[in-house]
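Trainee: I have a model to go through, and I want to read it from the fold down to single residues. Where do we start?

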Amino acid sequence: MKKHLFLIALLAIVAVLTTGCGSDDNNDGGGSTGGGGSLNSGKLEFPAPKGGTSVIITHTALLNNSLTGTNYSVEWDTEKSSQRWSCYKMFSAIAGSTVPRYYTTDKTLSINGQYPNDIDLDAAYRFTIDPYWSSGYDHGHICPSADRQRSTDANKQTFYMTNMQPQNNEFNAGIWATMELTVRNWTSKFDTLYVCKGGTIDSDQNIIEYVCNKSHQKTRVNKDHIPVPRFFFMAVLGRYKNTFRATGFWINQEAYYSNSVKSYAVTIGELQDLTGINFFHNLPDDIESQVENVTRAKMLTEWY
C-alpha cells in the first residue's frame, strides 16, 4: 500500500514538472474572462493577473499544419484601453517561417484591415478609430509576428490591436527586434520557452504620454487615447527536461544606450520589483524561488 502511494505521489510530481512540453496545454478554448479566471490555471507562461478592470483573452489557432492550440494570451485593461502583457510559448514544432507575414488592404474588416480590433474583446472596449495612425508611434507587436509564421491564422491573430503597444520606430525596429530574435534563437536550446512581454502602464512615471492619432496628451481623454509605455520588459522561462532557467529584459524605449541585449538583462526577481508583476507563479514553489533568486552572474552565464 505504501509503495502504491509513493508511486502515485511520484507521478504527480513528474506531471507538474513536465508541464509545458510543447503540446501539453495547447488544446484549450479561446475567449476572454474577467480578471484571469481559469484560463491561466497551470500555464507556466502566465503571470499573476492584476484583475480589477482587466480581462484575460486567450487566442486559439492552428499553430502549424497539424497542431491546434493556444496561440497567445493577453491581459487587457479595459479602463486604460491597453494591454498589460502578452504571454505565449515557443517550441520547435511551431518555430520557423512557412507562411508570409499577414497583410491586407481590406478596410472593411474593422477600424482598418491591417490592425483589426480583437474579435474576442467585448465590443464596448474596442477602438472606434486606430489611435496609432499619425501618432508618431509604431504598432509594436508584443507577441511577435515572426514567432507565429507556421500558420496564417496564428500570424493574423498577432496583428490584433490587443497585442500592440506604442513604440518609437527606432526602438521597435532596432533593439526590440534584436531582443525578439534573441528569444527566438533560444527556442532551439530548450524543450519549451515560456514568454511574457509588455510595456509599463501602471504608474504615471512609467507612461510617456497618451496618444490618439495626432493628439498627444499628458492624461487620458477617452477610450481611444492609449498610454505610451516608457519601459518595456520580457520575462523568459526555459525548460529542458525537468530543469528550468529564467531571464528577463528591462529597457527604456526613450533612453536605451546600447544595442547589446545583454546590457538590459535582469533577473526575474529584479523584473518583478520593477514591474510589480508576479511572473511564472504557476511553477512549484521551490522552482519558482530558484528561478527568481538566481544571481545575475549565474543568469548571464546560463543564457548569454
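Mentor: Start with a term: a pocket is an open set of grid points with protein on both sides within 12 Å along at least five of seven lines. Keep in mind that this is a predicted model. By that definition, the largest pocket here has a volume of about 220 Å³.

Trainee: Which residues lie nearest the centre of the largest pocket?
Mentor: The lining counts 15 residues. E5 and H4 are the elements that give two or more residues to this lining. Nearest the centre lie Arg-101, His-141, Ser-145, Asn-172 and Glu-180.

Trainee: Take Glu-180, then. Is it buried or exposed?
Mentor: Glu-180 sits in helix H4. Outside its neighbours within four places in sequence, Glu-180 contacts His-141, Pro-144, Lys-197 and Met-234. Buried means under 20% relative accessible area. Glu-180 has 11%, so the residue is buried.

Trainee: What volume does the largest cavity have?
Mentor: The structure holds 1 cavity of 30 Å³ or more. Its lining includes Trp-76, Phe-127, Met-164 and Pro-227. The volume of the largest cavity is about 50 Å³.

Trainee: Which element gives the largest share of the lining of that cavity?
Mentor: Three elements give two or more residues: strand E4 (82–90), E6 and strand E10 (226–229). Met-164, Gln-165 and Pro-166 are among the lining residues. The largest share, 3 residues, comes from E6.

Trainee: Which residue stands opposite Pro-166?
Mentor: Look at E6, residues 164–167, first. Both of its faces are covered: Met-164 and Pro-166 are buried on one side, Gln-165 and Gln-167 on the other. Strand E5 (residues 138–141) pairs with E6 in the antiparallel sense over 4 bridges. Opposite Pro-166 stands His-139.

Trainee: Now E3. How many of its residues are buried?
Mentor: Strand E3 has partners in E2 and E4. It runs antiparallel to strand E2 (residues 54–62), joined by 9 bridges; with E4 the antiparallel pairing has 5 bridges. E3 spans residues 68–77 and is mostly covered, the buried count being 9 of its 10 residues.

Trainee: Which residue in the hairpin of E3 and E4 takes a positive phi?
Mentor: Trp-76 has Gln-83 in E4 as its bridge partner. The hairpin has 4 residues between the strands. The positive phi, near 55 degrees, belongs to Ser-81.

Trainee: On to the core. Which helix gives the most residues to the largest nonpolar core?
Mentor: That core has 44 residues. Met-179, Val-183, Leu-193 and Phe-249 have the most contacts inside it. The most, 5 residues, comes from helix H4.

Trainee: Which residues of H4 does Phe-249 contact?
Mentor: Set aside its neighbours within four places in sequence. The contacts of Phe-249 then include Phe-232, Tyr-264, Leu-271 and Tyr-304. H4 covers residues 175–186. From that range, Phe-249 touches Met-179, Val-183 and Trp-186.

Trainee: Why do the buried residues of H5 line one face?
Mentor: The buried set in helix H5 (residues 268–275) is Ile-268, Gly-269, Leu-271, Gln-272 and Thr-275. Seen down the axis, they fall within an arc of 165 degrees, so they line one face. They pack against strand E11 (231–240), strand E12 (243–252), strand E13 (265–266) and helix H6 (285–292). The value behind the one-face reading is the arc of 165 degrees.

Trainee: Which residues are exposed on the other side of H6?
Mentor: Ile-287, Glu-288, Val-291 and Glu-292 are the buried residues of H6. They fall within an arc of 130 degrees, so they line one face of the helix. On the other side, the exposed residues are Asp-285 and Asp-286.

Trainee: Last one. How far apart in space are Asp-204 and Lys-218?
Mentor: Asp-204 is in the loop between strand E7 (192–199) and strand E8 (207–212). Its relative accessibility is 65%, so it counts as exposed. Asp-204 and Lys-218 are 14 residues apart in sequence. In space, C-alpha to C-alpha, they are apart by 9.3 Å.

How values were computed:
Residues are numbered from 1 along each chain as its sequence is written. This is a predicted model: local features need pLDDT of at least 70, side-chain atom pairs count only at pLDDT 80 or more; totals for chains, interfaces and linings use all residues. Side-chain values use heavy atoms; hydrogens and water are left out. Buried means under 20% relative accessible area, exposed over 50%, partly exposed in between (1.4 Å probe, protein chains only). Two strands pair if DSSP finds at least two bridges between them. The arc is that of the directions from the helix axis to the C-beta atoms. Contact means heavy atoms within 4.5 Å. A nonpolar core is a set of buried Ala, Val, Leu, Ile, Met, Phe, Trp, Tyr and Cys residues joined through side-chain atoms within 4.5 Å. On a 1 Å grid over the protein atoms alone, a cavity is a set of points where a 1.4 Å probe fits but cannot get out, and a pocket is an open set with protein on both sides within 12 Å along at least five of seven lines; lining residues have an atom within 4 Å of a point. Grid points are joined across faces, edges and corners, and a volume is the space filled by probe spheres set on the points.
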